[in-house]
Amino acid sequence: MRTTIHKLKGANMDIDLVTPQVDIVWTQDVCPWNAAEGTHEHRCAVKNVSICPYFRGVEHLDTLLCSYPVLIKKNT
Ligand code: SF4
């Protein structure tokens, strides 16, 4: 069966990469902006508040698209 994907505007997202790894069972990459500044302050999208200027959306299923201008060290 063919699946149709709709692109719907106005999602109110709450996305970040700051949950401590010990608190989650999946692998989480590090926000390059937080890594560069040694903080956990930056979040991709904060529900009802803001969206990071480097946030470029989410790719199926849970991959964050980020344009922060550095090479990213990824967890594997
Ligand atoms: S979009 Fe990129 S730079 Fe912005 S908070 Fe998310 S991971 Fe960090």
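**Reading a predicted fold, starting at His-40**

Biologist: I see that His-40 touches Val-18 and Asn-34, leaving aside residues up to four places away in sequence. What does being in contact take?

Modeller: Two residues are in contact if their C-beta atoms, placed from the backbone, lie within 7 Å. In this protein, of the contacts between residues at least 6 apart in sequence, 44% join residues at least 24 apart. Bear in mind that this is a predicted model: local features need pLDDT of at least 70 and side-chain atom pairs count only at pLDDT 80 or more, while totals for chains, interfaces and linings use all residues. Residues are numbered from 1 along each chain as its sequence is written.

Biologist: Where does His-40 lie?

Modeller: Helices (H or I, at least four residues) and strands (E, at least two) are DSSP runs, numbered from the N terminus. His-40 lies in the loop between helix 1 and strand 1 (45–46). The protein has 1 helix and 4 strands, arranged along the sequence as α-β-β-β-β.

Biologist: Is His-40 buried or exposed?

Modeller: A residue is buried if 20 or more other C-beta atoms lie within 10 Å of its own, exposed if 12 or fewer, and partly exposed in between; again, the C-beta atoms are placed from the backbone. His-40 counts as partly exposed because it has 14 C-beta neighbours inside 10 Å. Ser-50, in strand 2 (residues 50–51), is exposed, because 11 other C-beta atoms lie within 10 Å. Across the protein, buried residues make up 7% of the 76 residues.

Biologist: How do I read strand pairing, and which strands pair in the antiparallel sense?

Modeller: Two strands pair if DSSP finds at least two bridges between them. Here strand 3 (residues 55–59) and strand 4 pair in the antiparallel sense over 3 bridges. Glu-59 stands opposite Thr-63 in strand 4, and a hairpin of 3 residues joins the two strands.

Biologist: How many residues surround the ligand?

Modeller: A residue is near a molecule if its C-beta atom, placed from the backbone, lies within 6 Å of it. By that test 13 residues surround the ligand, and the closest are Cys-31, Trp-33, Cys-44, Cys-52 and Cys-66. Helix 1 (32–37) and strand 4 (63–66) are the elements that give two or more residues to this shell.

Biologist: What is the shell like by class?

Modeller: Ala, Val, Leu, Ile, Met, Phe, Trp, Tyr, Cys and Pro count as nonpolar, Asp, Glu, Lys and Arg as charged, and the others, Gly among them, as polar. The shell has 11 nonpolar, 1 polar and 1 charged residues.
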